[in-house]
Amino acid sequence: MKILRNAVTTIAAGLIAAFLITPAFAQKEMAKESSGAPDMNDPAMMAKMMELAKTGENHKLLGELAGTWSYTVKMWMGDPSASPMESKGTAVRKPIMDGRYYIMDATGKMEMPGADGKPQEMTFLGKSVEGYDNVKQKFVSTWMDNMGTGIMMAEGSYDPATKTFTYNSEVEMMPGMVTKVRETLKIVDKDHHLFEWFENRDGKDVKTMEINYTRQK
């Protein structure tokens with residue numbers, strides 16, 4: 001009986017130890033798997049990473065926008081039914097890093113309301129970086145200009161049926177005032193495309209900007 005009791009005690013202790021150790025081991029393995037750090041010694045993973053680093057059809061699609069463009073901007077600062085402010089400028093899109101990304105530099109003149117309420121002409125400078133993220137399977141872009149200090153980041157998709165890029169983002173022009181934004185870029189033809197900017201106001205998309213691009217010959 002003593003031997004039997006000892007055996008039962010030993011088995012019970014083993015089961016308790018297994019019960020305690022197994023979750024800890026499993027958690028350790030799960031943490032290892034979810035750490036997000038790729039195993040650089042794994043040939044299959046390295047091959048996959050190299051494949052994801054290649055350019056593809058979506059990068060070529062962005063490449064069709066490369067060139068020098070003249071543009072006309074319409075902006076609705078307040079009431080969408082009011083006459084928009086208009087300005088003109090030039091935009092240059094070019095590839096970098098073997099076509100993985102495209103940089104656009106925009107330069108123009110625009111009138112903005114001054115402190116006295118009268119319009120004042122200002123030089124506008126803007127820059128974007130655009131690409132296609134093979135990992136996320138999304139188009140990505142950033143935008144910055146000399147009218148602020150923030151960098152806007154957006155993600156989007158392309159609809160081949162309408163030849164339209166659609167990006168979603170948000171802007172915070174004033175502290176605590178975050179506005180959701182939808183941008184569309186429609187390819188009219190190889191020499192023309194139309195950009196539209198919509199702001200979400202009370203649950204509705206309101207167009208506050210429109211840019212028509214024409215390729216310079």
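Student: In this predicted model, how far apart are the closest N and O atoms of the salt bridge that Lys207 forms with Glu210?

Tutor: Lys207 and Glu210 are joined by a salt bridge. Side chains of opposite charge can pair when their charged atoms come close. For Lys207 and Glu210, the closest N and O atoms lie at a separation of 2.8 Å.

Student: Is Glu210 buried or exposed?

Tutor: The limit for the buried class is a relative accessible area under 20%. Glu210 has a relative accessible area of 14%, whereas its partner Lys207, at 26%, counts as partly exposed. Glu210 is therefore classed as buried.

Student: Which residues do salt bridges with shared partners join into one network?

Tutor: The structure holds 15 salt bridges. Some of them share partners, and these build one network. Its members are Lys190, Asp191, Arg215 and Lys217.

Student: Which residue forms a salt bridge with Lys136, and which parts does the pair tie together?

Tutor: Lys136 lies in the loop between β4 and β5, and its partner lies in strand β6, so the contact ties together parts that are 19 residues apart in sequence. The closest N and O atoms of the pair are 2.7 Å apart. Lys136 is partly exposed at 47% relative accessibility, and the partner is partly exposed at 28%. The partner in strand β6 is Glu155.

Student: In the salt bridge of Arg201 and Glu199, what is the N to O distance, and how is Glu199 classed by accessibility?

Tutor: The side chains of Arg201 and Glu199 meet at 3.3 Å, N to O. Arg201 is partly exposed, with a relative accessible area of 30%. Glu199 has 12% relative accessibility, and a value under 20% is classed as buried. The answers are thus 3.3 Å and buried.

Student: Why is the pair of Phe124 and Trp143 stacked?

Tutor: The structure holds five aromatic pairs. In the pair of Phe124 and Trp143, the ring centres are 6.4 Å apart and the planes stand at 20°. Planes under 30 degrees apart count as stacked, so the angle of 20° makes this pair stacked.

Student: Where in the chain do Phe124 and Trp143 lie, and how many residues apart are they?

Tutor: Phe124 belongs to strand β4 (residues 119–133), and Trp143 belongs to strand β5 (residues 138–145). Phe124 is buried at a relative accessible area of 15%, while Trp143 is partly exposed at 23%. The pair links distant parts of the chain, and its members are 19 residues apart.

Student: What class of ring pair do Tyr158 and Phe165 form?

Tutor: The ring centres of Tyr158 and Phe165 are 4.7 Å apart, with the planes at 50°. Stacked pairs need planes under 30 degrees apart and edge-to-face pairs over 60, so the pair of Tyr158 and Phe165 falls in the remaining class. Tyr158 is partly exposed at 23%, and Phe165 is buried at 2%. The pair is tilted.

Student: Which residues do ring pairs link into a cluster?

Tutor: Tyr158 and Phe165 both belong to this cluster. Tyr132 and Phe139 are linked with them through ring pairs. The cluster comprises Tyr132, Phe139, Tyr158 and Phe165.

Student: How do β5 and β6 run relative to one another, parallel or antiparallel, and how many bridges join them?

Tutor: A hairpin of six residues connects β5 to β6. Within the pairing, Thr142 has Met153 in β6 as its bridge partner. The strands run antiparallel, and the bridges number five.

Student: Which residue takes a positive phi in the hairpin of β6 and β7?

Tutor: β6 pairs with strand β7 (residues 164–174) in the antiparallel sense, over five bridges. Asp159 stands opposite Thr164 in β7. Four residues lie between the strands, and the one with a positive phi, near 55°, is Lys163.

Student: Which residue in the hairpin of β2 and β3 takes a positive phi?

Tutor: β2 and strand β3 (residues 101–113) run antiparallel and are joined by nine bridges. Lys94 stands opposite Ile103 in β3. The hairpin has four residues between the strands, and the residue with a positive phi near 50° is Met97.

How values were computed: Residues numbered from 1 in each chain as written. Predicted model: local features only at pLDDT ≥ 70, side-chain atom pairs only at ≥ 80, totals over all residues. Heavy atoms only, no water. Phe/Tyr/Trp six-rings, centres within 6.5 Å; stacked < 30°, edge-to-face > 60°. Helix = DSSP H or I, 4+ residues; strand = E, 2+ residues; numbered from the N terminus. Buried < 20%, exposed > 50% of the residue type's maximum accessible area, 1.4 Å probe, protein only. Pairing = 2+ DSSP bridges. Salt bridge = Lys/Arg side-chain N within 4 Å of Asp/Glu carboxyl O.
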